[in-house]
Amino acid sequence: MTVEHDIATLYAHSLSVKVDQLGLINAQIANLQAEAEAIKEELKTSGLRRIPGSLYKVTISTSERSSLSATAMRAYLTPEQIQACTTTATVTSVTVRGL
């Protein structure tokens, strides 16, 4: 075994630990997001617009939002027009899945 091989093995092991750490953090985030969504639903159904806490306050508001349908847009625009409005970017993603 060479020193380079030993270093590469140690590095791969430390990254393996980081992968597991990231997976555990993502699981915690998912649980916390679910808990936060449940609390938000309860607050929304309270009928109150402002709710003070000891550390934070909540304001509940309703608004209208418009969305652009890509499917409908394709029906109205030519491929050239769509291409003229399209931007492309290189994106690097990290996906974590359980074994």
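Which residues form a nonpolar patch on the surface? I kept this question open while I set out the general form of the chain, noting at the start that the model is predicted.

**Entry 1: the overall form**

I began with the secondary structure and found three helices and two strands in the chain. Followed along the sequence, these elements come in the pattern α-β-β-α-α. I then looked up the radius of gyration, which is 24 Å, whereas the globule rule gives 13 Å for 99 residues. The computed value is well over that of the rule, so I recorded the chain as more spread out than a compact globule. For the extent of the C-alpha trace, I noted spans of about 65 × 55 × 25 Å along the principal axes.

**Entry 2: surface and charge**

I next asked how many of the 99 residues, as a percentage, are buried. The share of buried residues is 3%. The area exposed by the chain is about 9800 Å², and I noted that 58% of it is supplied by carbon and sulfur atoms. In the charge count I found 9 positive and 9 negative side chains. The centres of these two sets lie 13 Å apart.

**Entry 3: the nonpolar patch**

I returned to my opening question and found that the patch is formed by Leu 22, Val 94 and Val 96. Together these residues have about 240 Å² of accessible area. I located Val 96 in the segment after α3, a helix that covers residues 79-84. The relative accessible area of Val 96 is 32%, so I entered this residue as partly exposed.

**Entry 4: helix α1 and its span**

I turned to helix α1, which comprises residues 3-44 and includes Ile 7. Is Ile 7 buried or exposed? I recorded Ile 7 as exposed, because its relative accessibility is 52% and the cut-off for exposed is over 50%. I also looked up the separation of Ile 7 and Ala 34, which are 27 residues apart along the chain. Their C-alpha atoms are separated by 41 Å.

**Entry 5: salt bridges**

Side chains of opposite charge can pair when their charged atoms come close. I therefore looked for such pairs, and the count came to two salt bridges within the 4 Å limit.

One of them joins Glu 37 to Lys 40, with 3.4 Å between the closest N and O atoms. Both residues belong to helix α1 and are three residues apart, about one turn of the helix. I noted Glu 37 as partly exposed, at 42% relative accessibility. Lys 40 is likewise partly exposed, with a value of 42%.

The other salt bridge is between the side chains of Glu 41 and Lys 44, at 3.3 Å from N to O. I placed Glu 41 and Lys 44 in helix α1 too, three residues apart, again about one turn of the helix. Glu 41 has a relative accessibility of 41% and counts as partly exposed. For Lys 44 I recorded 48%, which also counts as partly exposed.

**Entry 6: after the helix**

Where does Thr 45 lie? I found Thr 45 in the loop between α1 and β1, the strand of residues 50-52. Its relative accessible area is 65%, so I entered Thr 45 as exposed. As a last item I looked up Thr 45 and Val 58, which are 13 residues apart along the chain. The C-alpha atoms of Thr 45 and Val 58 are separated by 13 Å.

Technical notes
Residues numbered from 1 in each chain as written. Predicted model: local features only at pLDDT ≥ 70, side-chain atom pairs only at ≥ 80, totals over all residues. Heavy atoms only, no water. Helix = DSSP H or I, 4+ residues; strand = E, 2+ residues; numbered from the N terminus. Buried < 20%, exposed > 50% of the residue type's maximum accessible area, 1.4 Å probe, protein only. Rg over C-alpha atoms; globule rule 2.2 N^0.38 Å. Areas by Shrake-Rupley, 256 points an atom, 1.4 Å probe, with all protein chains shown as cover. Lys, Arg positive; Asp, Glu negative; His and termini not counted. Charge placed at Lys NZ, Arg CZ, Asp CG, Glu CD. Patch = residues over 30% accessible without salt bridge, like charges linked within 9 Å, V, L, I, M, F, W, Y side chains within 5 Å.
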